[in-house]
Amino acid sequence: MNNAKIIQMAKIADPRGNLSFVQGVKDIPFEIKRVYWIYDVPGGESRGSHAHKELQQLIIAASGSFRVTLDDGKEKQTYYLNKPYEGLYVPSGVWRDLGDFSSGAVCMVLASDYYNADEYIRDYDEFLNYRKSVNE
Ligand code: T46
């Protein structure tokens, strides 16, 4: 699956509470230009259902748990995120669908670029054609 992978981050165990961190370029393969987070997701709701032409992201379950299904046009892979010291690296050109959010889940995303609506592919057939064109 197209370089997607779970990245283990530092976990500083402490009786006062644990601390984790991630550093752009050093720990993940991109500079961090934007951070956003998704929370208060009602039961049964899903997010995503799109791909990015260029954007790379690291998806972290900062709290709770949820499912991320990735699709590179040929194969699908499902990940269950539930550890605040693990991140799912999602390279460019991958369709993603998020669901099964637990109550209180917080999905924190580190992104390689600023928000740009024109960079999204939101139609699945268009995504498959895009994948074919970049693979040719
Ligand atoms: C992704 C998944 C995991 C902004 O104005 N700025 C932002 O940085 C983002 C991420 C979104 N928005 C606006 C655009 C829409 O009006 O927030 C609204 C909801 O965005 P969207 O429908 O794209 O949300 P999700 O949860 O379906 O997708 C988001 C990210 O857009 C996407 O990159 O990979 O989370």
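Which strand gives the most to the shell around the ligand? In this predicted model, β5 does, with four residues. Local features need pLDDT of at least 70, side-chain atom pairs count only at pLDDT 80 or more, and totals for chains, interfaces and linings use all residues. Residues are numbered from 1 along each chain as its sequence is written, and side-chain values use heavy atoms, without hydrogens and water.

Strands are DSSP runs of E with at least two residues, numbered from the N terminus. β4 (34-38), β5 (47-52) and β10 (95-99) each supply at least two residues of the shell. The ligand has 13 residues around it (a heavy atom within 4 Å). Arg34, Arg47, His52, Gln57 and Tyr120 come nearest. Five residues of the shell are nonpolar, four polar and four charged (Asp, Glu, Lys and Arg count as charged; Ala, Val, Leu, Ile, Met, Phe, Trp, Tyr, Cys and Pro as nonpolar; the others, Gly among them, as polar).

Three side chains place an N or O atom within 3.5 Å of a ligand oxygen, the cut-off for a polar contact. The distance is 2.6 Å for Tyr120, 2.7 Å for His52 and 3.0 Å for Arg122. The protein covers 68% of the 650 Å² of accessible area that the ligand has on its own (Shrake-Rupley method, 1.4 Å probe).

β5 also belongs to an open sheet of five strands, in the order β8-β7-β10-β5-β12. Pairing is antiparallel and requires at least two DSSP bridges between two strands. The edge strands, β8 (76-81) and β12 (120-121), each pair on one side only. β7 (residues 66-71) pairs with β8 over six bridges. Arg67 has Tyr80 in β8 as its bridge partner.

Conventions: Polar contact = N/O pair within 3.5 Å; in protein donor to acceptor, adjacent residues only side chain to side chain.
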